[in-house]
Amino acid sequence: MSEDGRAAAEAIMEALEEPRRSTMRHLHEVILDALPGIDVGVWEYGGTVIGYGSYEYSTSKGPAGRWFSIGIANRKACVALYAMAGMADGHYLVESMPERFPGMKIGRSCVNLTKPALVDDDTVRLLARASWDDFKDGYRRPVRAKAT
């Protein structure tokens with residue numbers, strides 16, 4: 001998946017108009033710098049997503065598939081950055097750091113980078129490493145204590 005994924009990611013970025021191409025390429029390089037040798041793939045999630053660090057996940061009904069630990073996507077109004085870090089405790093890491101994304105819309109596991117120049121590379125590296133650390137051994141569903 002890695003070599004084909006990297007080629008597919010390059011093709012996606014190359015097809016973009018500026019300034020989106022430069023923004024996506026920069027994020028791609030920062031993530032690869034933070035996670036040398038990480039696998040790269042392409043997923044469909046409301047459009048094409050370049051994902052890094054795939055892992056197996058399951059639902060309460062059993063195995064469900066593969067997903068990415070961190071990803072980037074070109075969307076209509078912005079570039080989106082997805083980070084799965086922190087999901088095991090029920091709260092995504094990205095939700096806890098709005099000050100690192102001034103003036104941008106933050107979802108549970110996604111930041112709409114409407115002002116990508118305001119996002120520092122260290123924040124992207126932190127999210128990449130934390131996400132991969134959480135999922136490099138696969139996804140483990142959190143065990144919730146039963147109410148007494």
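pLDDT is the predictor's confidence in each residue, on a scale from 0 to 100. The structure shown is a predicted model, and the legends below describe an overall view and several close-up views of it.

**Figure 1. Overall view of the predicted protein chain, with its helices and strands.** The chain contains 3 helices and 6 strands. Read from the N terminus, these elements follow the order α-α-β-β-β-β-β-β-α. The mean pLDDT of the chain is 88, and 87% of the residues reach at least 70. Among the elements, helix 2 (residues 20-34) has the highest confidence, with a mean of 97, whereas strand 3 (residues 62-74) has the lowest, with a mean of 88. Where pLDDT is low, the predicted coordinates should not be read in detail. Of the 148 residues in the chain, 46% count as buried. The accessible surface amounts to about 8,200 Å², and carbon and sulfur atoms contribute 52% of it. Among contacts with a separation of 6 or more, 51% join residues that lie 24 or more positions apart.

**Figure 2. Close-up of the largest nonpolar core, centred on Tyr52.** This core comprises 42 residues, and the members that touch the most other members are Tyr52 and Phe101. The elements that each give two or more residues to the core are helix 1 (2-14), helix 2, strand 1 (40-44), strand 2 (48-59), strand 3, strand 4 (79-83), strand 6 (110-113) and helix 3 (121-135). Helix 2 supplies the largest share, 6 residues. Leaving aside residues up to four places away in sequence, Tyr52 touches Phe68, Ser69, Ile70, Gly71 and Ile72, among others. The contacts of Tyr52 also include His28, Ile31, Leu32, Ile38, Asp39 and Val40.

**Figure 3. Close-up of His28 and the residues around it.** His28 is situated in helix 2. Is His28 buried or exposed? His28 counts as buried, because its relative accessibility is 4% and the cut-off for a buried residue is under 20%. When residues up to four places away in sequence are not counted, His28 touches Ala9, Glu10, Met13, Tyr52 and Ile72. Tyr52, one of these partners, is also one of the two residues that touch the most other members of the largest nonpolar core.

**Figure 4. Close-up of the salt bridge between Glu56 and Arg66.** The search of the whole structure finds 8 salt bridges. In the one shown here, the side chains of Glu56 and Arg66 meet at 2.5 Å, from N to O. The pair links distant parts of the chain, with Glu56 in strand 2 and Arg66 in strand 3, 10 residues apart. Glu56 counts as partly exposed because its relative accessibility is 45%. Arg66 likewise counts as partly exposed, at 36%.

**Figure 5. Close-up of the salt bridge between Arg108 and Glu95.** The side chains of these two residues meet at 3.3 Å, from N to O. This pair, too, links distant parts of the chain: Arg108 lies in the loop between strand 5 (105-106) and strand 6, Glu95 lies in the loop between strand 4 and strand 5, and they are 13 residues apart. Arg108 is partly exposed, with a relative accessible area of 44%. For Glu95, which is also partly exposed, the value is 31%.

**Figure 6. Close-up of the salt bridge between Lys136 and Asp133, with a second view of a salt-bridge network.** The side chains of Lys136 and Asp133 meet at 3.5 Å, from N to O. Lys136 has a relative accessible area of 44% and is partly exposed. Asp133, at 48% relative accessibility, also counts as partly exposed. In the second view, Glu10, Glu14 and Arg25 are joined into one network by salt bridges that share partners.

**Figure 7. Close-up of Cys78 and Cys110.** How many disulfides does the structure hold? The number is 0. The closest cysteine sulfur to that of Cys78 is in Cys110, and these two atoms do not form a bond because the distance of 6.9 Å is too far. A disulfide requires the two sulfur atoms to be within 2.5 Å. Seen from the other side of the pair, the closest cysteine sulfur to that of Cys110 is in Cys78. Cys78 is buried, with a relative accessible area of 7%, and Cys110 is buried as well, at 14%.

Definitions and conventions: Residues are numbered from 1 along each chain as its sequence is written. This is a predicted model: local features need pLDDT of at least 70, side-chain atom pairs count only at pLDDT 80 or more; totals for chains, interfaces and linings use all residues. Side-chain values use heavy atoms; hydrogens and water are left out. Helices (H or I, at least four residues) and strands (E, at least two) are DSSP runs, numbered from the N terminus. Buried means under 20% relative accessible area, exposed over 50%, partly exposed in between (1.4 Å probe, protein chains only). Contact means heavy atoms within 4.5 Å. A nonpolar core is a set of buried Ala, Val, Leu, Ile, Met, Phe, Trp, Tyr and Cys residues joined through side-chain atoms within 4.5 Å. A salt bridge is a side-chain nitrogen of Lys or Arg within 4 Å of a carboxyl oxygen of Asp or Glu. Accessible areas come from the Shrake-Rupley method with a 1.4 Å probe; for residues, only the protein chains shown count as cover.
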